Structures are given as C-alpha cells and as structure tokens.
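Reader: I should like to learn how aromatic pairs and nonpolar cores are read from a structure. Could the discussion begin with the rings?

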Amino acid sequence: MRVVIQRVSASKVTVDGVVVGEIGPGLCVLVGVAPDDTAHDAERLADKIANLRIFGDEEGKMNRSLLDIGGAVLAISQFTLYADCRKGRRPSFVKAAPPEVGNARYEHFVDRLRDMNIEVATGVFGAEMKVEIANEGPVTIVMDSADLPA
C-alpha cells in the first residue's frame, strides 16, 4: 500500500457538490492499494500513521502524534498513486489493485484507525471526488508498506 500523508488544519471531500467527509486538525491520507497488498499491510500503515510524530509540541518541534493531539483523519482512496508513467504520455494503472481488492484493503485501513479511537471521515470509493486540503507546514509524507519493517 502507498499513502500520501498531509498534516492539515482542515480537509473535506465532496461528491456531486455534497460534502461526504470533513475533518478539522489532523491528517488527510490518500490511500493507494496494489494487487498483492494484504490486511497486514493496511494495519502496519494505520499503526505507523497514528503514531507518526509530525505535530508540533509547545516548542514547535515535531514531537506529537495524531493520537497525542486527538486529531482526525480524512482517508481518500486513490488508485492513481500506482500510476506508471514510464512509457508514453498516458499513465498506466495496471499496478493498482482491482476495485474489489482496493476497497477491501482501504476499508481495513480505515477500520484499523477507528479501532484506535481515531475519528475517520472518508470519501466515496470509486467516485469522482473533490478534496480540499489546508496543508499545515506544509508537511507532506509519502510512505509505502513495502518499506516498513515486517
């Protein structure tokens, strides 16, 4: 699984002009799934993200985690994180999981965050979404489950 994590003061997602997910301070996480990703990958990423110290303490140093600040997550499924742009001018998405696998892993990721008592808002899987992100810092981190310890 591959994620793009952005520290936000607020973030929301709309589908057909209707807000379907919205958070205040926390993280907007774009989530991509590869065909061979497992539930274990989703759990490891969720755990890492919940405990990642990327929020400022009283001295402004990044020493606090999402759990420490009681922040929320806006999780957006995004198969385009697996775009292959090496050939031609149109990206290939063959490295992204098929929808049924992608949705299952995405939902498992969301459930794992919720199991840690983190407020999680989501978009609509497979829908055309508009995501608004008020990136704080800016802090943006790209993470792949293949790079995490087993």
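Author: This is a predicted model. Tyr106 is a suitable starting point: its relative accessible area is 2%, so the residue is buried.

Reader: With which ring does Tyr106 pair, and what is the geometry?

Author: Two rings pair if their centres lie within 6.5 Å, and planes between the stacked and edge-to-face ranges count as tilted. The centres of Tyr106 and Phe125 are 6.2 Å apart and the planes stand at 40°, so this pair is tilted. Tyr106 belongs to helix 3, whereas Phe125 sits in the loop between strand 7 (120-122) and strand 8, 19 residues apart. Phe125 is partly exposed, at 33%.

Reader: How many aromatic pairs does the rule give?

Author: The count is two. Phe79 and Phe93 form an edge-to-face pair, with 5.0 Å centre to centre and 75° between the planes. Both residues lie in the loop between strand 6 and helix 3, so the pair ties together parts 14 residues apart in sequence. Phe79 is partly exposed at 49% relative accessibility, and Phe93 is partly exposed at 32%.

Reader: How should the nonpolar core be read, and which residues have the most contacts inside it?

Author: In soluble globular proteins, nonpolar side chains tend to be buried together. Here the largest nonpolar core has 28 residues, and Ile5, Leu27, Val29, Val73 and Phe109 have the most contacts inside it. Among the elements that each supply at least two residues are strand 1 (2-15), strand 3 (26-32) and helix 3 (99-115). Helix 1 gives the most, with five residues.

Reader: What does Leu27 touch beyond its sequence neighbours?

Author: Its contacts include Ile5, Val8, Ile49, Phe55, Leu66 and Val73. A second, separate core of 13 residues includes Val4, Val8, Ile23 and Leu30.

Methods
Residues numbered from 1 in each chain as written. Predicted model: local features only at pLDDT ≥ 70, side-chain atom pairs only at ≥ 80, totals over all residues. Heavy atoms only, no water. Core = buried A, V, L, I, M, F, W, Y, C linked by side-chain atoms within 4.5 Å. Buried < 20%, exposed > 50% of the residue type's maximum accessible area, 1.4 Å probe, protein only. Helix = DSSP H or I, 4+ residues; strand = E, 2+ residues; numbered from the N terminus. Contact = heavy atoms within 4.5 Å. Phe/Tyr/Trp six-rings, centres within 6.5 Å; stacked < 30°, edge-to-face > 60°. Lists of a residue's contacts leave out its neighbours within four places in sequence.
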